[in-house]
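Student: I'm new to this structure and would like a close look at just one part of it. Please pick a strand and take me through what surrounds it.

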Amino acid sequence: SEPAESAPMAKGAYVTYDQYSSSMATYDASMVVLFFHAAWCPDCRKTDMNLTASGAPAGVTVVKVDYDGATDLKARYGITKQHTFVLIDKDGMAKKTFTGTFDAASIKDALS
């Protein structure tokens, strides 16, 4: 099969916060969604498994943020529970917050 780069609807990216932080400019062309993930959360594990298997929606970068460790980010975006998603703009401003999504299709639906 062809590499994703040459496909007209290339898959989005599913990356860790460290990967995102070290190369933010790489993701400027996509919508960026922070995924506050906790290893002990069954819903988070289900979503992580689905995104690892299928990737993020086309045109979207989902950034896996450690819920237990990212106290600054949780405070910045007002996150009070794990399995929360935050759509951010290029300047890092929150545009939309949502929960209840478990795979690429439901994330895409929440963004539309």
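Tutor: Let's take the strand β4 and work outwards from there.

A few ground rules before we start. This is a predicted model, in which local features need pLDDT of at least 70, side-chain atom pairs count only at pLDDT 80 or more, and totals for chains, interfaces and linings use all residues. Residues are numbered from 1 along each chain as its sequence is written, and side-chain values use heavy atoms, with hydrogens and water left out. Helices (H or I, at least four residues) and strands (E, at least two) are DSSP runs, numbered from the N terminus.

Now to β4 itself. Here 5 of the 5 residues are buried, so the strand is largely enclosed by the rest of the structure. Buried means under 20% relative accessible area, exposed means over 50%, and partly exposed is in between (1.4 Å probe, protein chains only). Thr84, Val86 and Ile88 point one way from the strand, while Phe85 and Leu87 point the other way.

What does β4 pair with? Two strands pair if DSSP finds at least two bridges between them. β2 and β4 run antiparallel, joined by 5 bridges, and Val32 has Ile88 of β4 as its bridge partner. β4 also pairs with β5 (residues 94-99), again in the antiparallel sense and over 5 bridges; look for Val86 bridged to Thr97 there. β4 and β5 make a hairpin with 5 residues between them, and Gly92 in that turn has a positive phi of about 80°.

Next, the core. A nonpolar core is a set of buried Ala, Val, Leu, Ile, Met, Phe, Trp, Tyr and Cys residues joined through side-chain atoms within 4.5 Å. In the largest one, with 31 residues, Leu34, Phe36 and Tyr77 touch the most other members. β4 (84-88) is among the elements that each supply at least two residues of this core, as are β2 (31-37) and α2 (42-54). The largest share, 5 residues, comes from β2. Leaving aside residues up to four places away in sequence, Phe36 touches residues including Thr84 and Val86, where contact means heavy atoms within 4.5 Å. β4 is also part of what covers the buried residues of α2, and likewise those of α4.

Finally, the rings. Rings of Phe, Tyr and Trp (its six-membered ring) pair if their centres lie within 6.5 Å; planes under 30 degrees apart count as stacked, over 60 as edge-to-face and the rest as tilted. That rule gives 4 aromatic pairs. One of them, away from our strand, is edge-to-face: Trp40 and Tyr67, at 6.4 Å centre to centre with 80° between the planes. Trp40 is partly exposed at 46% relative accessibility, whereas Tyr67 is buried at 11%. Back at β4, the rings of Phe85 and Phe98 have centres 5.3 Å apart and planes at 5°, so this pair is stacked. It links distant parts of the chain, since Phe85 sits in β4 and Phe98 in β5, 13 residues apart. Both partners are tucked away: Phe85 is buried at 0% relative accessibility, and Phe98 is buried at 8%. Phe35 joins Phe85 and Phe98 in one aromatic cluster.
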